[in-house]
Amino acid sequence: MTDLSTCANLKFTIADGIARIVLDRPERMNAFTFDMIDAWAAALAHCRADDAVKVITVTGAGTAFCSGGDIVEMADRLGQPPEQRRNEIFKRVQRIPLALEDLDKPVLAIVNGVATGAGMDLALMCDIRYAAKSARFAETYLKVGLVPGAGGAHFLPRLVGASKALELFLTADFVDAEEAMRLGIVNKVFPDAALIEETDKIVRRIAAGPGFAMRAVKRAICQGMRNDLRTNLDLIASHYAVATASQDHRDAVERFVAGREKSQHEKGTS
């Protein structure tokens, strides 16, 4: 596993059940390097294995979220054969969407600025997306003669429909935060100055929730996108049965009953 401490351009911290991943290359608008990809994959693996982690956030340092792959580095790889480039995409970059699909804890993208190309795809592959009002999104692959290798062609049509996704890919037009929310690309938009404070409230509320039930809900939704109704009901019945045996469920029921009894007692003595 990659030593996260050796990557200067990706910060990873855990506190209060919240894992925070920060793409930290602001001088290049947080454009990806392979070292960042490796560190990011290692961070997600850690989150999956660490029971203390309840929720994960991803954001960018400075004024950008992520501008995708580093085009300067792409120039250095122009002489590589197609097979080598395919392996780089499949074995390194595409580990991220696969790891995120395998991770049954909620992952939130906090889009603090521009998100283009693979940077937009990074936001799309997260479970929930919040954006600053100044954030802008664009699928810019065709501007450099590329296809969306990070998974955008999978994620975007599922959010906005095939026709709109194709338009965004073919024109490479920018979408502002409000339009992105209208299209379903982001969940909420906050004023720039309030983005961190407001999203942190949501993140902390999620982190305080019942761990197993949250993981089961995410798993049920992800599986439900691929399965028929009968299969989905069968799966959720199993999740439900396990949830009823959890301490979180027991504590919640006991609190409810105790509160109800207290309320009835107060009414009877008034």
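This is a short dialogue about a predicted model, covering its aromatic pairs, charges over rings and one sheet.

Visitor: How many aromatic pairs are there?
Guide: The count comes to two.

Visitor: Why is the pair of F32 and W40 called stacked?
Guide: The centres are 5.7 Å apart, and the cut-off for a pair is within 6.5 Å. The planes stand at 15 degrees. Stacked needs under 30 degrees, so the label holds.

Visitor: What makes F32 and W40 buried?
Guide: Buried means under 20% relative accessible area. F32 has 9%. W40 has 3%. Both values are under the cut-off, so both residues are buried.

Visitor: Why is the pair of Y130 and F190 edge-to-face?
Guide: The ring centres lie 6.0 Å apart, within the 6.5 Å limit. The planes are at 65 degrees, and edge-to-face needs over 60, so the pair is edge-to-face.

Visitor: Which strands hold Y130 and F190?
Guide: Y130 is in strand β7, F190 in strand β10, and 60 residues separate them. Both residues are buried.

Visitor: How do you know that R136 sits over a ring?
Guide: R136 lies over the face of F174, at 4.1 Å from the ring centre. The distance limit is 6 Å. R86 lies over the face of F90, at 5.3 Å.

Visitor: What makes β1 and β10 edge strands?
Guide: Each pairs on one side only. The open sheet has six strands in the order β1-β2-β3-β5-β7-β10.

Visitor: How do you know that β5 and β7 pair?
Guide: Pairing takes at least two bridges. Four bridges join β5 to β7, so the two strands pair, and they run parallel. A109 has R129 in β7 as its bridge partner.

How values were computed
Residues are numbered from 1 along each chain as its sequence is written. This is a predicted model: local features need pLDDT of at least 70, side-chain atom pairs count only at pLDDT 80 or more; totals for chains, interfaces and linings use all residues. Side-chain values use heavy atoms; hydrogens and water are left out. Buried means under 20% relative accessible area, exposed over 50%, partly exposed in between (1.4 Å probe, protein chains only). A charge sits over a ring if NZ of Lys or CZ of Arg is within 6 Å of the ring centre and within 35 degrees of the ring normal.
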